[in-house]
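Student: I should like to learn how to read the surface and the interior of a protein model. May we work through an example together?

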Amino acid sequence: MSAYAGTPEIRIGRVHLWHPEHTLAVTDLPERATLPEARDRQLLALGIDRVRVADGLTEVDLAERAALDALAGSGTDPADLDGLLLVQGRAPEYLMASEATRLQHRIGATRALTLGVGDLGCVSSSAAIEIGAALLRGRGGPGRILVAMGVRAAATARYRPPMTVLGDCGAAFLLTTGDDDGRGAPYASAGDTGGTAPYSGGGAPYTGPYTSGSAPYAPGGDGAGPAPRPAAGGRSARYRLLGQELRSDGRYADLFRIRYRELPPERWAEECADENAYSFQLAIESRNRLRDLNAELLRRCATAQDELAAVVMQNLSVGAFAFWQDALGLKIADVCRDNLAGHGHLGPADVLMNLERLAPSVPAGGKVLVMNSSPVAAWCTALVERLPD
């Protein structure tokens, strides 16, 4: 995919994150009891202090909480959504069932074109932006598409050797056109004391009161509290999407995998088929891919590398940040390290959390480079411009 041109421009709304209350320190991970000493040292050197654990919640549950916050925070009635894109998890609750339409029913997005986007790991959130942008451009007028996801570790062990530790969260944001950037009167999510949601059915397992909010992210906080409500006519969009490039390579399609057909869920384990291929071959491939994608995107957007206000990427380990900075000659924003320490790896939600946390420090008009990759393998780089609040 190449950089965008023409109208309408695509805007990315504030990212609303829902973090489970239960926190698990990396030093207390149950799997440490069976790790070889060298592997345990490797785990403790990742730069991850703790992760959030969504006990008893499904990926759709997590996506629902974040989705309702995003709707409330932007003053959007779910019945007014033109589209709903669910970034799918790696282990659906049922085979053959639709988790995307389940979320649609729960939040009351009755007229939204609803799709599931997945299979690219971390890069699935970037793919959702690409699809959402194409749908909005195809409308030829104002439009609003909600992108939501629930991120939850599929296997019992949260340590993914040799790369990271997995955490849980929900995330959601609006994609809008420049002539409809999410302005509107406040909409109250279910259970919010400010009003009653227009949709109360759906049979969702969570019955409230709904007090998630993640405001949208507070360093050191737990994400609790109602989502902020903009005044009528206030802007809810954070960034303007200037362009995006996405590539994939099926040679690495099953480098990481969980064998599930022959094993019960309690015995599921993430396996790396070839650690040498991951640590060396794929690392070099990813360096070359992101280097070329960055250069192509910046060229198309007429932006020099030294004009960037910041660079963010997904959170794997402090060692990975050091590798990318050296390999690409780019400084990774400190918010990525902070989020890594407090939340671990959140798959497709990583770059979104980093963008949201970064926003207060980026001046209006500042450009941010967003790099995303996954070991399936897929790579994406995007350029966004900070909008005024």
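Tutor: Certainly. Helices and strands are DSSP runs, numbered from the N terminus. Please note that this is a predicted model. With that numbering, L95 can be placed in the loop between β5 (83-87) and α3 (99-107).

Student: Is L95 buried or exposed?

Tutor: Buried means under 20% relative accessible area, and exposed means over 50%. L95 has a relative accessible area of 63%, so L95 is exposed.

Student: Which residues form a nonpolar patch on the surface?

Tutor: L95 forms this patch with M96 and Y260. Together, the three residues have about 420 Å² of accessible area.

Student: Where does A45 lie?

Tutor: A45 is found in the loop between α1 (37-44) and β4 (50-52). The relative accessibility of A45 is 51%, and therefore A45 counts as exposed. Consider also A45 and T164: they are 119 residues apart in sequence, yet their C-alpha atoms are 9.9 Å apart in space.

Student: Let us turn to the interior. Why is helix α7 described as largely enclosed by the rest of the structure?

Tutor: The same cut-off for burial applies, under 20% relative accessible area. Helix α7 spans residues 334-343, and seven of its ten residues are buried, so the helix is largely enclosed. The buried residues are V335, C336, N339, L340, A341, G342 and H343.

Student: Which elements do the buried residues of α7 pack against?

Tutor: They pack against the strands β4 and β14 (310-313), and against the helices α6 (318-328) and α8 (350-358).

Student: What follows α7?

Tutor: The helix is followed by G344, which has a positive phi, near 70°.

Note on methods:
Residues numbered from 1 in each chain as written. Predicted model: local features only at pLDDT ≥ 70, side-chain atom pairs only at ≥ 80, totals over all residues. Heavy atoms only, no water. Patch = residues over 30% accessible without salt bridge, like charges linked within 9 Å, V, L, I, M, F, W, Y side chains within 5 Å. Areas by Shrake-Rupley, 256 points an atom, 1.4 Å probe, with all protein chains shown as cover. Salt bridge = Lys/Arg side-chain N within 4 Å of Asp/Glu carboxyl O. Helix = DSSP H or I, 4+ residues; strand = E, 2+ residues; numbered from the N terminus. Buried < 20%, exposed > 50% of the residue type's maximum accessible area, 1.4 Å probe, protein only. Contact = heavy atoms within 4.5 Å.
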